Every structure is written in structure tokens, then in C-alpha cells.
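Visitor: Hey, could you walk me through this structure? I'm new to this.

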Amino acid sequence: MKVLFLCYYFPPMGMGGTQRAVKFAKYLPEHGWEPVVISVRDVHYYSHDDTLLDDIAHIPVYRTESLDPLRLFARFRKEVRKNAATSDRKSILVKLNEFISGWFFIPDNKLLWLPFAVYQALKLIRAERIKVVYTTSPPHSAHLAGLILALLARVRWIADFRDAWTGGESQPSPTLLHSTVNRMLEKIVLKRAHHVIGMCHHLTEALQLNSASPASKFTTIMNGYDAEDFRDVMHGELNDTFTITHLGSISRVSNPEPFLRSFRMLLDEHPELEGTIQVSFYGIDIFRILSDSVRKYQLEHIINPIRYLSHRESLDKMMRSHLLLMTIIKRTGEEIISGKIFEYLGSGKPVLMVTSDDGYVSKLIGKLGRGTVHRNDDLSDIKNGILKAYEAYRRNKALQHDPLSLPQFDRKNLAFELAQVLNKTVM
């Protein structure tokens, strides 16, 4: 049976937001479902990763036009592959996009993709006799496309939320009007969708509370790791120098400043460690938070400039490291679960987590015994955590677990959970 995916963020766009849908699409055929994908054509985006296309070589993908700023920038500036975060200042295009997104479109400017996506979807639904549609957000406007299709084509519709629509970090509301309209649209989507999926239990519970719908309509399906992605990097040699690695974008939520300040304190107290510890960041420094902190704490000679790697390359760097860095600093009550934590856990490497609260990721690391958790305002504790990990490495007693030993987070098993939801939805 076929299922239609509507995904704005989809390979070759990179970064973590694209991987949930592509991994579902990759493994659903093993569970009796054939995905057909609608996405947008080339856009001006932070990063692109052509290696992710290998996962969907067997999946039909229809790419449509759009009038949203990211698509228009790509068409008229011809900078599809340009990394907008590498310049000394954020580009005018990025600033303009943020302004337009925040003020002129509710819930977001991907509304300007919807006419093209809905038109293509209606053609495919008729031609392929598709009975169920899956929409994923952000962008939350994708769910409005699902709503339209459910009404016009009488298809079943599953709305998947990777992040909160209202009350969270990812959807700013500059005015009371924006907030009010967003909450109204969210309630309509939650009421009309035939089934709703949340990326974590906290999000699922919040969505159910916002909708006042029965619990049977809601399912939690976590993010995870793809065991197949680790196949070629499982047996790589560890770096000769003790290496701490952070993978993923740098933002206000993943601000590494407390870690870097603590690391500076460690080197000041133990100058003999200079040159014996290497710290690497791979991803996108969206707001120049990392580069500013590195300069502030005079760590330029230790920490190389951040650079974006393909997903395969990032896993190789992960497996060659001794300690993995995770930072979650929240400004709202939203539960934040970075997708990279599951690949961290899949690697078997110890994790050093710096956080502002005792959330799901902190508890998970503690429950599984996969590392240490430190408050972002306790610099001495962070410093001691780094030192203890280094000393354990020197004594050959570093914490290490078997890779790929958490099947509950295996993408193949998570796709099976989605297949069960699809089966239930079309019954």
C-alpha cells in the first residue's frame, strides 16, 4: 500500500531535520508500505548532503516549485550550495528570511510552497490511488497541506510533529496576534488529523492537551540511529590524541559557551594538558556563537574552525573520538531532544552533557549509564567531568558500550512503529 509523504525539509538538504522522514521512507517498504514523496526543488539552505540521497534511491520523489524565500533565493541568486553561516556576518538573505518568516506569514513562509505541493499531491492521489498522507513539521504549514488534502481528496492523514508548534523554541510568535492564530491553526490540525505523532512523550502529551482529543489518537515515535549508517565506520582507529567531539548545529539551545569556559579553566589549572586534548566541532555555527566563544577564551589554537560534514563523515569522526559533547540550554518549558543523541548512544561512546535542566536526555544518559550530566552554571563540575574522562582514557578505563546495542532506537524498528500507525489509520 502507498503512503504520500509531504516533506519540505528532505535530502539533499542536510542537517538533522531531514533525517526522520528519510529514514521512515527508507525502511517502510520492509513493513508493507511504499512511500511516495513530495518535496521542494533546490533551495538556499544552510547545508546540503548528497550522501543522504542514497537512502531514497528506491523512493519516487516529486519536487515542486515554491514561492517561499529559500526557493526564490536559490533561483535568483544561484547559491544553492553556499553555506549561509560561513561569512563573518549573517548574510542579508538569511536576515531577510528571518524577518519575513517571523512577521508576514503564519505559521511560516512555507505557506508559499503549499499551492504547488497540494496540486502535485492531488494528481498523485488520483493516479496512484493513495489512501493516506503523512505530513511532518517543521515547517508547521505542511500540516495545513494535510488538512486540505484530507478535506478535498478524502484521504486519511497522519500529522507528525518533530517540534512543538506553540509554546516552544522553534516557532516564535512576535505578537499576540501571531500567537493567537498559531494556536487556532494548531487546534484545527490536531482536531482534523486522523492520527498525530509526537517525537517524544512530552511533546505528545502537550499536543493531546492542546487538542482535548482522546489518547488513542496520539502516538510517540522517537528519533533514532540507522545501524546501516555505521557499517563502514564501526572499526575505525581511535584518534591518537584524546578527542572530544560535538556534532550538529550550534545555536542558542546548543550554546557551547559553558563548556568552552570550563575547558579554558581546566587548561589554566593544568597547563601540562595543553596539546593532549583535542576538541572538534562539526556542523553549522548559525549565529557565530561558537566562533565568538572560541575567540573569547583564546582557544583558537586548540579548536579548529567549525565545518559541515556529510552524515557519513560525521559518523566516522564520532567513532574516532573518545568523548562526545552534548549541550541543551532551554529558554522555555519545551522538552528538547536533539536527534544526535541517538547516534551518540548508538556509537557506544561516553557522552558529556551540559544542560540547564534535568530533562529527558539527561535522564536517558543516566538511566543507560552512557556518560555524565553537568549543569551549565556549574563550571567547576563541567571542568572536573572533562578531567575525569581524560584520566579514565589515560588509565585505559574509559567508559565504552557495545555499539548499536539499543534496538529501541534503531530506525528500522521505528519505521515498524510508523507502519503500525499507518495500518491502524486505514482500517
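Guide: Here is a short chat about the sheet, one residue and a helix pair. This is a predicted model, where local features need pLDDT of at least 70, side-chain atom pairs count only at pLDDT 80 or more, and totals for chains, interfaces and linings use all residues. Residues are numbered from 1 along each chain as its sequence is written, and side-chain values use heavy atoms, leaving out hydrogens and water.

Visitor: Cool. In what order do the strands of the open sheet come?
Guide: The order is β3-β2-β1-β4-β5-β6-β7, with parallel pairing. Strands here are DSSP runs (E, at least two residues; helices are H or I, at least four), numbered from the N terminus, and two strands pair if DSSP finds at least two bridges between them.

Visitor: And which strands stand at the edges?
Guide: β3 (61-64) and β7 (218-220) do; each has a single partner strand, so one side of each is left without a neighbour in the sheet.

Visitor: How many bridges join β6 and β7?
Guide: They pair over 3 bridges, and G198 stands opposite T220 in β7.

Visitor: New topic: is E257 buried or exposed?
Guide: E257 is buried, at 19% relative accessibility (buried is under 20% relative accessible area, exposed over 50%, partly exposed in between, with a 1.4 Å probe and protein chains only). E257 sits in helix α8 (residues 257-269).

Visitor: What does E257 touch, leaving aside neighbours within four places in sequence?
Guide: S293, K296 and Y297; contact means heavy atoms within 4.5 Å.
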